[in-house]
Amino acid sequence: MKTFEEKWTAWLDDQLSGCELSDFEASLPDKAAAHAEKAEAKKLGELLKRELSVHPLKNEEFFSHQLRETIVRETGEERPERGRRTSTSSWWTIPRLVWAGTASLAVFLICTMFVMHQERAPEESQYLTQILNARVDPVVSPNGTVSIFEVKQDRVTVIWTEGLQTLPADYAAK
């Protein structure tokens, strides 16, 4: 059993006949609109056949030349009468990329070694300090810490206190 779309296409192509044609035309809701659409479809088909047809080649020798060039390119044969190369490979082939990467890495390593040999021996950091002593009275401040840092190069001493409570006024008098 054909679907409606199959019957519609067969009707547009004039492939329905006899009882099938009369049954299909009887099932159409608007016969006049269907016939108008059929006429439009036929006009469209004729337009497409006329406009999309294959045009004859005007220069057969040029076409033959293109075919010969394509065959030579696909088979990889070099034509003796041609001096130019027909390969379409790019300049950055895989072997060239590998060599370029290797050369770049070598230049980087040479520059790094040159810079490393000229660098002076590391001196003592300006931030290096020495903890001299730390003492807190546990009676006054049980959680307090005192750290004393001395930087020899700048002759600076820093006293860092944390967690100290306020000292009573009579503490220094003792």
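In which helix does Glu25 lie? Glu25 lies in helix 2, and the legends below return to this residue after an overview of the chain, whose model is predicted.

**Figure 1. Overview of the predicted model, in which the protein chain holds five helices and three strands.** Read from the N terminus on, the elements of the protein chain follow the order α-α-α-α-α-β-β-β. The protein chain has 174 residues, of which 10% count as buried. When contacts between residues at least 6 apart in sequence are considered, 19% of them join residues that are at least 24 apart. The close-up views that follow concern helix 1 (residues 4-12) and helix 2 (residues 18-27), together with helix 3 (residues 31-51).

**Figure 2. Close-up of helix 1 and its buried residues, Trp8, Ala10, Trp11 and Leu12.** The cover over the buried residues of helix 1 includes helix 2 and helix 3. Just after helix 1 comes Asp14, which takes a positive phi of about 55 degrees. Asp14 belongs to the loop between helix 1 and helix 2, and its side chain appears again in the view of the salt bridges.

**Figure 3. Close-up of the aromatic cluster formed by Phe4, Trp8, Trp11 and Phe24.** The structure as a whole holds five aromatic pairs, and one of them is made by Phe4 and Phe24, whose rings are 5.6 Å apart from centre to centre. With 35 degrees between the planes, the pair of Phe4 and Phe24 is described as tilted. This pair links distant parts of the chain, for Phe4 is in helix 1 and Phe24 is in helix 2, 20 residues apart. Are Phe4 and Phe24 buried or exposed? Phe4 is partly exposed, having a relative accessible area of 44%, whereas Phe24 has a relative accessible area of 3% and is therefore buried, the limit for that class being under 20%. Trp11, a member of the cluster, also has a charged neighbour, since the charged end of Lys38 sits over the ring of Trp11, 4.7 Å from the ring centre.

**Figure 4. Close-up of Glu25, a residue of helix 2 that is buried yet has no salt bridge.** Which side chain of opposite charge is nearest to Glu25? The nearest is Lys31, at 4.2 Å; a salt bridge requires a nitrogen of Lys or Arg within 4 Å of a carboxyl oxygen, so this pair does not count as one. Once the neighbours within four places in sequence are left aside, the residues in contact with Glu25 are Trp11, Lys31 and His35. Trp11, one of these contacts, is also part of the aromatic cluster shown in the preceding view.

**Figure 5. Close-up of the salt bridge in which the side chains of Asp14 and Lys42 meet.** How many salt bridges does a search of the whole structure find? The search finds four, and the one between Asp14 and Lys42 has an N to O distance of 2.7 Å. Asp14, in the loop between helix 1 and helix 2, and Lys42, in helix 3, are 28 residues apart, and the pair links distant parts of the chain. Both side chains are partly exposed, with a relative accessible area of 46% for Asp14 and a relative accessibility of 35% for Lys42.

**Figure 6. Close-up of two further salt bridges, one between Lys43 and Glu40 and one between Arg50 and Glu51.** The side chains of Lys43 and Glu40 meet at 3.9 Å, N to O. These two residues both lie in helix 3, where they are three residues apart, about one turn of the helix. Lys43 is exposed, with a relative accessible area of 53%, while Glu40, at 48% relative accessibility, counts as partly exposed. In the other bridge, the side chains of Arg50 and Glu51 meet at 3.6 Å, N to O, and Arg50 counts as exposed at 54% relative accessibility. Salt bridges that share partners also join Asp14, Lys38 and Lys42 into one network.

**Figure 7. Close-up of two cysteines, Cys19 and Cys111, in a structure where a search finds zero disulfides.** Cys19 is exposed, with a relative accessible area of 56%. Cys111, by contrast, is partly exposed, and its relative accessible area is 45%.

Methods. Residues are numbered from 1 along each chain as its sequence is written. This is a predicted model: local features need pLDDT of at least 70, side-chain atom pairs count only at pLDDT 80 or more; totals for chains, interfaces and linings use all residues. Side-chain values use heavy atoms; hydrogens and water are left out. Rings of Phe, Tyr and Trp (its six-membered ring) pair if their centres lie within 6.5 Å; planes under 30 degrees apart count as stacked, over 60 as edge-to-face and the rest as tilted. Helices (H or I, at least four residues) and strands (E, at least two) are DSSP runs, numbered from the N terminus. Buried means under 20% relative accessible area, exposed over 50%, partly exposed in between (1.4 Å probe, protein chains only). A charge sits over a ring if NZ of Lys or CZ of Arg is within 6 Å of the ring centre and within 35 degrees of the ring normal. Lys and Arg count as positive and Asp and Glu as negative; His and the chain ends are not counted. Contact means heavy atoms within 4.5 Å. A disulfide is a pair of cysteine sulfur atoms within 2.5 Å.
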